[in-house]
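Visitor: I would like a close look at a single part of this structure, and then a walk outward from there. Please keep the explanation plain.

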Amino acid sequence: MYLPFEVKKKDNYADIFHEFINNYEKGRITVKEYKMNVSLAFDNNYIQYAYITLMSLFINNSDAEISVFILQYDLSSESRRILTKLAEGYGSRVIFLDIYPEKLKSLPVNKWPVQVYFRLLLTEICPDELDRILYLDSDIIVNASLKELYLTQFEDNDLCACYDLNLLATTEEIFLYHRHPALAPLLKNKCYINSGMLLFNLEKMRKKYSLNSYMEACVKLEGKIYAPDQDLINYVHAGRIKPLDPCKYNYPAYIAFIDGKRSNNASEIPIMHFVCEKPWQGGNHAHFETEMIWWKYALKSPYKDKLLERFLNDAISDPTIMENLNGTDEIKNALVAENARLKKELNTAIEQMKKMISIFSK
């Protein structure tokens, strides 16, 4: 149970009781029903987005005493203070686990930051008393209680995760463009999972796996991995991942919009994942109504003014319109040329058809 006031030995216990009743009636007392271990990995440049993810987690899981294990290597003292204050305000706590990126330098990163590999260290770096931990990406919004998810039975699996819905329309040729052929069966059987949400069975995994397990897998795959941590997790734990409903626990925001979900029924989706372009980015990319779910929490954060200013600046200064007006957009020009060619061929076909109709009518 979390008390929003400090109890000291010299205090009068009758006064403490009355204060407890007063706070309980005003909704300031939060009863914690269970403990939940959560982990995020991000650098100091991503603090505002991680803050919003954590805030959404705390707001919608007030019945859990949450311990957040942050995997990091460069967070400033101010960032640590802000995150600690956020957690304590909801009766939870933050633990900072220092990671040394040098350990990961032999792994390919491609376009991804090195932090994507930090989750592979959870079995080694988490305290031994933790039997499970929920990993979340920092571009996620938690819309509802995660109790059902967190208490899922592993059934002797290494972890629980969701099929990557981003691959629904992906062909094997595209999937394997940057990947090793050994990963192809995972796409074919629709069991390739997205690593943005992972429920680790630490009790089992720490007995069998370490960072070396993934490094050895990378060698077997000849370094041909595209989404680096994700490909390695899929390969190493193939056949030992319990599938969960992706439309509940790892729903890509743009797919949720296409599927008819809107911001007013977001509570039906416990975990919304803002993959690809982000809702806080302005500029030349599609936006969806489901992004309002992210902004709902962002506007409650201390970063709201900076986020709005950046978004507006990006949107206003985007050069796409001027490029199109000036005719420098190569894709547009190619489409215009293709359209002219098709129009010419269509007119030729129509003239030929008219001649044939004339012949047959005679």
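Visitor: Is Ile269 buried or exposed, and what is its relative accessible area?

Guide: This is a predicted model. In it, Ile269 has a relative accessible area of 2%. Buried means under 20%, so Ile269 counts as buried. Ile269 is found in the loop between helix H12 (253-258) and strand S10. Leaving aside neighbours within four places in sequence, Ile269 is in contact with Asn143, Cys247, Lys248, Tyr251, Ala256 and Lys261. Another residue to find on the display is Asn250: Ile269 and Asn250 are 19 residues apart in sequence, and their C-alpha atoms are 8.6 Å apart in space.

The loop that holds Ile269 leads to S10, and S10 belongs to an open sheet of three strands. The order in this sheet is S5-S10-S9, and the pairing is mixed. Strand S5 (140-142) and strand S9 (251-252) stand at the edges with a single partner strand each, so one side of each has no neighbour in the sheet. S5 and S10 (residues 271-273) run antiparallel and are joined by three bridges. Within S5 and S10, Ile141 stands opposite Met272. As a general point, the side chains of a regular strand alternate between the two faces of the sheet.

Elsewhere, strand S2 (residues 64-72) and strand S3 (residues 93-98) run parallel, with six bridges between them. Ile70 has Phe96 in S3 as its bridge partner. Together with helix H3 (residues 77-89), S2 and S3 make a right-handed β-α-β unit.

The loop between helix H2 (47-59) and S2 is the place of Asp63. Asp63 is buried yet has no salt bridge. The nearest side chain of opposite charge is that of Lys147, 4.9 Å away; a salt bridge needs a side-chain nitrogen of Lys or Arg within 4 Å of a carboxyl oxygen of Asp or Glu. Not counting residues up to four places away in sequence, Asp63 touches Val31, Lys32, Glu33, Tyr34, Ser145 and Lys147.

Burial can also be followed along a whole helix. In helix H10 (residues 228-236), eight of the nine residues are buried. Among them are Pro228, Leu232, Ile233 and Val236. The buried residues of H10 pack against strand S6 (159-163), helix H7 (184-188), strand S7 (193-200), helix H9 (211-220) and strand S8 (241-244).

Last come the aromatic rings. The structure holds 14 aromatic pairs. Phe175 and Tyr192 form an edge-to-face pair, 5.3 Å centre to centre, with 85 degrees between the planes. This pair links distant parts of the chain: Phe175 is in helix H6 (residues 172-175), Tyr192 is in the loop between H7 and S7, and they are 17 residues apart. Phe175 counts as buried because its relative accessibility is 1%, and Tyr192 counts as buried at 0%.

Trp295 and Phe311 also form an edge-to-face pair, at 5.8 Å centre to centre and 80 degrees between the planes. Trp295 lies in helix H13 (residues 291-298) and Phe311 in helix H14 (residues 304-317), 16 residues apart. Trp295 counts as buried, at 9% relative accessibility. Trp295 and Phe311 are also part of a cluster that ring pairs link together, with Tyr46, Tyr49, Trp280 and Trp294.

Terms used
Residues are numbered from 1 along each chain as its sequence is written. This is a predicted model: local features need pLDDT of at least 70, side-chain atom pairs count only at pLDDT 80 or more; totals for chains, interfaces and linings use all residues. Side-chain values use heavy atoms; hydrogens and water are left out. Two strands pair if DSSP finds at least two bridges between them. Helices (H or I, at least four residues) and strands (E, at least two) are DSSP runs, numbered from the N terminus. A crossover is right-handed if, with the strands pointing away from the viewer, the path from the first strand over the helix to the second runs clockwise. Buried means under 20% relative accessible area, exposed over 50%, partly exposed in between (1.4 Å probe, protein chains only). Lys and Arg count as positive and Asp and Glu as negative; His and the chain ends are not counted. Contact means heavy atoms within 4.5 Å. Rings of Phe, Tyr and Trp (its six-membered ring) pair if their centres lie within 6.5 Å; planes under 30 degrees apart count as stacked, over 60 as edge-to-face and the rest as tilted.
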